[in-house]
Amino acid sequence: MTTALFVVLAVISVVAGALVFRVDSMARATFLLLLSFLAVAGLVLMTGLQYLGVVIVLMMVIEMVVMAVFMIMYMMNPAGLMPMSMFHNTRGSAVIAATTFVALAGGALLVDWPVRGGAPAPDLTMALGESLMSGQMLTMMTLGVTLFATIVGTVVLAAGRGRYDRLGDELDAPESDDRDRGGVGR
Amino acid sequence: MDLRNALLRVAARRPHVLIIGGIGTDRLRARVEHEVDRRHWTNAMAPADTDVLVVIGHPGPELRAVVDDVWATVPAPRARLDVRNEHEVTTALDDAVTVLQDLPAQRAGAPRDGLRWDRPSDPSGAHDHHDAHDDDTSHEQDTGHEDHDGGHHHGGDMELPGGLAMADLGEDRDGLALDQLHVPLGPVLPEWPSGLVVDVVLQGDVIHEARSRFVDLDDLDATERLPDAARALDSAARVLALACWEGPSARARGLRDALLFGGSSTARVLEELDDLRRRVRRSRLLRWMLRSGEAGRSELLEALDDKLLSARAAAAGGGGEAPVAIDLAALDARLVGAEFAAARLIVAVADPLPQPARTRPTEQEGAS
Amino acid sequence: MSVALPLGGSVLLPALLLAVTWAAVTADAVAAGRAAGRPVPWTVAAALPGREALRLLVGQRRRGVASDELLRGVGGAVLPIAALLAAVVLPLGLRPVADLGAGIVWFNAMEVFAWAAVWLVGWGANSTLSLIGGYRFVAQGLAWELPHMFALITAAVGAQSLRVTDVVAAQQGLWFVVIMPVAFVAFLLSVAAMAFWGPFGAPVGRDIAGGAAAELGGVDRLVFMTGRWLLLVAAAAMAVPLFLGGGHGPWLPAWAWVLVKTLAVLAALVALRHRIPTIRMERWTEFSLVVLTPATIAQALVVTLVALGEGGLR
């Protein structure tokens, strides 16, 4: 039963991943990738890491939808009217993909895996939290702040109009001259 | 078979009704809407959601083409009615139920090869007429707007599977190069002025260019208009419905019907009108929603309030000022740069009277 | 530690959800009639969900030129499935169908599928207005997701567990709504928003002729609309174990309390819906990110400090 489930999920994840490059619609490609990720999340769940598995589902759904929107954003051609090739730099990427696959698969098969010592913690979610937040607290905090700073920085760099454009150099304009108003403030 | 009949009968008990009419059908439309509401039926939002298609008045050739296109996309069981005057409304709707329940007729009449809608703009359906122009020149004498079709940039569009047009590229209001889609809005859209079509160029859901016109303007002089009070209420009801405030919208519509068809005393109508106006003015959320421009001012909300106020004045018997007729060029200018939801509200507030379209299409009004 | 319901529960769950949905649709019709000044009799309203469902069942399906039927179908089907899967962690009484250790995250993950579902339906129909609807939902989703997550986390912090039954157990004395009102309000708002319902109905709004659902006919429409109501009901029901003490309460058995509280939350949502207009995306997005998100973070911080003050982490 477990093996069958594993095989099914593994096949789905690989096949869906491969199909990403066979379909000619960006939407289908995106959601095939999502299917692949969901199968991987299923595999993670099978290891008993409930929290991680569910978080992968959560993040990947949001991520893929946002990605779909970004890929197709402002392209008001619903349902992928224009069949388009999903390939760029075909040869280079084929080489990279093959090399990575061989390296990873070879590693997985050839490494002399250690025998498990000890038993899993009774509450894996708790154990995960503790291992992340006790020993690696500083790492995680730095990581979080760095990621957040990256997001903010990207938005600042990408925004065409900042607050000084909207509200004047002293930020004292009573009203911005935005065309569309947000829900708060000026 | 019996079970199917029974199912059909239950399903037909509360049909969704889509009303299509050209210019000058406002009173008839109000009558049909009134009857639909009285029966606790529902007004359909789009052809897909329609059981009964009611064509009111005498649609001209362009609108008739649109109606045929819309009808082709209405799923069975379905009924199509032509209502030419107010006396026919009740019996026509009764007949519709009979038609909806008639299994053999529904089977025979169902679109066979699956329902197909065709261009991206579908709920309006007006685009097909453009095709008619392209394919069949004999159509061209019937309307006065060939210049639009000719001047419209279909050139350079790539032909795609299904005969669809590829979007072309252009600068948006922020200076980014984005896809542009040419879509006609109307004449079949919920809460849309009768007979109006706005040909827009969309980028995302922002309107880049707009050109409005009325379909089938031939008998403009014979066009019947609603009395001022009813017209103002009709327009206010549309604005409220587009703000998805269904209760007050239905109340405004009910007041319109009371003014048009009687049913309650003027004093009571005035009282309810005051009540409605108070609610609209007091809603902070509506103010927040409709706010635009400076210092919390809301042009839309003020326009809405004006409508209710003028409706009151007219209903009370005072002369009331005649509604300010907005011309189509001004409407087009307002629409450029507006986001879709805002654009719908702008059209509903403007509520233009039937008038000939601009003769010379001004290009690049969006570039300003 | 409580355990999951027997297998029978998994059959019971869809039936229960549908029954509550039926009640909610009925109440909505009655409230709509009252708001419109044209009262709908209870009998008519009670028959309404069934009649509408029948109408759509006998209705013909539609397909469009160059529409992506596969994606549209998947999107439509995902909506009710996501709602059902989200509901498996709902304690019906004191025991859910599946008492997952990360139940709160599971709930969150399942309802997020609505993002994909609505966007897919809007995209697949190959219609401009549908696509606008789909995009509106994603914009709305980006706005409600953060406050929603913080609201969920606040409840989890209060109970110091991601398990829904633990959250219920932690409210034996005091309901969480008392100590985390901001999170509760944010949660209720996002309940309506994730079901793109009521004030958050812009993705299927009247201005875009039904938006994402504009091109759906027949059974496709039925599945989509049912999924939407199921999502609303499942999410509203989740407010009960998270903030309203779950099955705890005097006199009545636990399942009855859960039912009563769920219906109360739904009644509040329905009543509120007919008092207010729909909120536009650009207004809501800014409010949600600038006001609601910081407010829910502050709420989470306060609750965390209280939890630490009361004896630290277990």
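The paragraphs below lead through a sheet in chain B, the helices that pack on it, and the contact between chain B and chain C. The structure is a predicted model, and every value given here was computed from it.

A good place to begin is an open sheet in chain B, where four strands follow one another in the order S2-S1-S3-S4 with parallel pairing. Strand S2 (42–43) and strand S4 (79–83) of chain B stand at the edges of this sheet, and because each has a single partner strand, one side of each is left without a neighbour in the sheet. Strands of a sheet pair through backbone hydrogen bonds, and they can do so in either a parallel or an antiparallel way. In chain B, strand S1 (residues 16–21) and strand S3 (residues 52–56) run parallel and are joined by five bridges; in one of these pairings, Gly21(B) has Ile56(B) of S3(B) as its bridge partner.

Helices of chain B pack against these strands. Helix H3 (residues 61–72) of chain B lies across S1, S3 and S4 of chain B, and runs at about 160° to S1(B). Helix H4 (residues 88–101) of chain B also packs on the sheet, where it touches S3 and S4 of chain B, and its direction makes about 165° with that of S4(B).

Side chains of opposite charge can pair when their charged atoms come close. Over all chains, the whole structure holds 29 salt bridges, and in chain B the side chains of Arg256(B) and Glu33(B) meet in a salt bridge at 2.9 Å, N to O. Since Arg256(B) lies in helix H9 of chain B and Glu33(B) in helix H2 (residues 26–38) of chain B, the pair ties together parts that are 223 residues apart in sequence.

What does the contact between chain B and chain C take from each chain? It takes 66 residues from chain B and 55 residues from chain C, and the two chains bury about 5,200 Å² between them, with 58% of it on carbon and sulfur atoms. Six salt bridges are counted between chain B and chain C, and in a salt bridge the side chain of Arg55(C) meets that of Asp51(B) at 2.5 Å, N to O. The count between these chains is also 13 residue pairs in polar contact. By class, the side of chain B that touches chain C has 41 nonpolar, eight polar and 17 charged residues.

Notes:
Residues numbered from 1 in each chain as written. Chains lettered and ligands numbered in written order. Predicted model: local features only at pLDDT ≥ 70, side-chain atom pairs only at ≥ 80, totals over all residues. Heavy atoms only, no water. Contact = heavy atoms within 4.5 Å. Buried area = accessible area lost by both parts, 1.4 Å probe. Salt bridge = Lys/Arg side-chain N within 4 Å of Asp/Glu carboxyl O. Polar contact = N/O pair within 3.5 Å; in protein donor to acceptor, adjacent residues only side chain to side chain. Nonpolar A, V, L, I, M, F, W, Y, C, P; charged D, E, K, R; others polar. Pairing = 2+ DSSP bridges. Helix = DSSP H or I, 4+ residues; strand = E, 2+ residues; numbered from the N terminus. Axes fitted to C-alpha atoms, helices over the stretch in contact; angles between N-to-C directions.
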